[in-house]
Amino acid sequence: MSACPESASVVASQLGENTSTVKFTCLNHGIKESVRRCWYTYTPDKAAAAAAKSDAVPLVVELHGFGSCTEDLLKYTGWSSKARSDGFIIAWPQGRYDIPGFGEGKPSWNAGGCCGAAPIVNEDDVGFLRRVVEEVASNNSGVDRNRVYFAGHSNGCMMAQRMAVEASSVVAAVACHSGFLTPTKQRPFVTDGYVPTPVMEVHGTSDPVVKYDGGRFGLVQYNGAEHNLREWGTRNQCADELRKVACEGGGSSSNGCEVQSYGGCFRGTSVAHVKLDDVGHWPFKGSSGLAIDTTQVAWDFVKQFTLSPQSSPSLASPSSSPSPPLSPPAPVFSTTNPGSVTIHSGAPLSPVMFPLFVVSILVARTFGSVR
């Protein structure tokens with residue numbers, strides 16, 4: 001892949017929208033401001049109408065996988081339809097594919113140990129994504145800076161989680177698919193100033209690319225999902241024991257899923273992992289017979305959190321009083337309708353109480369084409 005399309009009209013056409021809803025923006029970033037970096041901003045009519053009434057709306061930053069362009073996300077993740085129905089803004093940044101000396105031209109994010117050329121040259125993607133948030137918020141008066149959420153797939157999920165670690169003053173919550181934190185000993189993440197941030201990660205047990213139980217990429221060995229769930233529990237200061245509950249209908253047409261979670265974490269940032277049986281690298285509704293709309297689950301999760309004045313995420317509240325810690329009662333997960341998740345503990349609870357799901361692993365810089 002030598003280049004990615006740079007056309008707001010192309011994206012608008014894919015969305016079935018008027019071109020006025022999509023904006024393509026570039027800026028110069030990196031050493032001596034020498035690198036051209038770009039992104040799309042999608043403002044659905046519902047979000048624009050809310051902003052016109054001075055109602056603040058959330059911003060979701062969705063990151064593509066290794067070897068993909070931003071436009072590819074529109075084909076399978078479903079975040080754009082959530083933006084239309086719920087009225088929030090999406091930013092789709094583009095990872096670099098034009099790094100000198102790397103002729104493969106595969107877009108990638110510097111998620112630490114993965115993937116492609118970006119981590120090899122130590123591309124400043126954290127700085128770029130911070131600027132994307134700032135530019136979008138500055139040019140869209142309706143953006144609620146306290147409700148900036150990151151999503152992504154594969155390498156994009158890894159990068160989204162790196163943002164949670166290194167930009168927790170900006171990121172209210174993360175919900176992503178098929179990726180883990182990928183720091184390396186040579187380039188550990190900068191954790192100064194980190195405050196525990198809610199993170200959800202969805203993963204299939206049959207993923208052949210980022211393997212559920214861990215494996216190797218080249219000479220680098222990485223741990224599996226459950227090991228890294230424990231690491232996130234430590235990172236977010238979770239006090240409760242690991243809990244596991246089954247959720248019917250979460251996997252393929254013949255299998256289910258399991259939610260593994262920790263509670264009692266700092267300011268309500270419990271961590272968890274959604275294990276989807278017999279699902280591959282694309283754990284989105286319809287793939288591998290998956291019945292649950294995992295993007296809806298992701299949106300239901302992130303939208304309950306907002307940054308507090310101390311830049312630490314807490315439960316969103318319509319009042320001005322301090323948000324209480326998240327201490328949900330013991331949940332039992334089930335799917336009462338195809339493509340939805342409900343949580344029950346005695347009386348029914350809203351899906352917005354879906355807990356956090358996070359995993360982290362170490363992966364190599366060379367990864368294969370991951371969309």
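These are legends for close-up views of a predicted model.

**View 1. Two aromatic rings meet edge-to-face.**
Start with Tyr-76 and Phe-284, whose ring centres are 5.3 Å apart, with 75° between the planes. Why is that called edge-to-face? Because plane angles over 60 degrees get that name. The two partners come from distant parts of the chain, 208 residues apart. Tyr-76 is in the loop between helix H3 (70-73) and helix H4 (79-86), while Phe-284 is in the loop between strand E12 (271-276) and helix H9 (294-302). Tyr-76 is partly exposed, at 23% relative accessible area, but Phe-284 is buried, at 5%. A search of the whole structure turns up 9 aromatic pairs.

**View 2. A tilted pair belongs to an aromatic cluster.**
Here the rings of Phe-88 and Trp-299 have their centres 4.2 Å apart, and their planes are at 35°, so the pair counts as tilted. Phe-88 is in the loop between H4 and strand E4 (89-93), and Trp-299 is in helix H9, 211 residues apart from it. Both Phe-88 and Trp-299 are buried. Together with Trp-79 and Tyr-149, they form one aromatic cluster. What about the helix around Trp-299? In H9, 8 of the 9 residues are buried, so the helix is largely enclosed by the rest of the structure. Among those buried residues are Val-297, Ala-298 and Phe-301.

**View 3. Arginines sit over aromatic rings.**
Look at Arg-37 first: its charged end sits over the ring of Phe-128, 4.1 Å from the ring centre. Arg-235 does this with Trp-232, its charged end being 5.0 Å from the centre of that ring.

**View 4. Thr-21 is tucked into a loop and buried.**
You'll find Thr-21 in the loop between helix H1 (8-15) and strand E1 (22-29). Is Thr-21 buried or exposed? With a relative accessibility of 4%, Thr-21 counts as buried. Its side chain reaches the backbone oxygen of Asn-18 at 2.8 Å. Leaving out residues up to four places away in sequence, Thr-21 touches Thr-41, Tyr-42, Thr-43 and Asp-45.

**View 5. The largest nonpolar core draws on helices and strands.**
How many residues are in the largest nonpolar core? There are 42, and those with the most contacts inside the core include Leu-59, Leu-129, Phe-150 and Met-163. Several elements each supply at least two of the core residues, including helix H2 (45-52), strand E3 (57-63) and strand E5 (143-152). Helix H6 (125-139) does so too, and H6 gives the most, with 7 residues. Zoom in on Met-163 and you'll see that its contacts include Val-126, Leu-129, Phe-150 and Val-171, not counting residues up to four places away in sequence.

**View 6. Disulfides of either hand turn up here.**
The model has 5 disulfides in total. One joins Cys-4 to Cys-69, with the sulfurs 1.9 Å apart, and it is left-handed, with -80° about the S-S bond. Cys-4 is in the segment before H1, and Cys-69 is in the loop between E3 and H3, 65 residues apart. Both of these cysteines are buried. Another disulfide joins Cys-26 to Cys-38 at 2.0 Å; its torsion is about 105°, so this link is right-handed. Cys-26 is in strand E1 and Cys-38 in strand E2 (residues 35-42). Cys-26 is partly exposed, at 29% relative accessible area, whereas Cys-38 is buried, at 6%.

Definitions and conventions: Residues numbered from 1 in each chain as written. Predicted model: local features only at pLDDT ≥ 70, side-chain atom pairs only at ≥ 80, totals over all residues. Heavy atoms only, no water. Phe/Tyr/Trp six-rings, centres within 6.5 Å; stacked < 30°, edge-to-face > 60°. Helix = DSSP H or I, 4+ residues; strand = E, 2+ residues; numbered from the N terminus. Buried < 20%, exposed > 50% of the residue type's maximum accessible area, 1.4 Å probe, protein only. Lys NZ or Arg CZ within 6 Å of the ring centre and 35° of its normal. Polar contact = N/O pair within 3.5 Å; in protein donor to acceptor, adjacent residues only side chain to side chain. Contact = heavy atoms within 4.5 Å. Core = buried A, V, L, I, M, F, W, Y, C linked by side-chain atoms within 4.5 Å. Disulfide = S-S within 2.5 Å.
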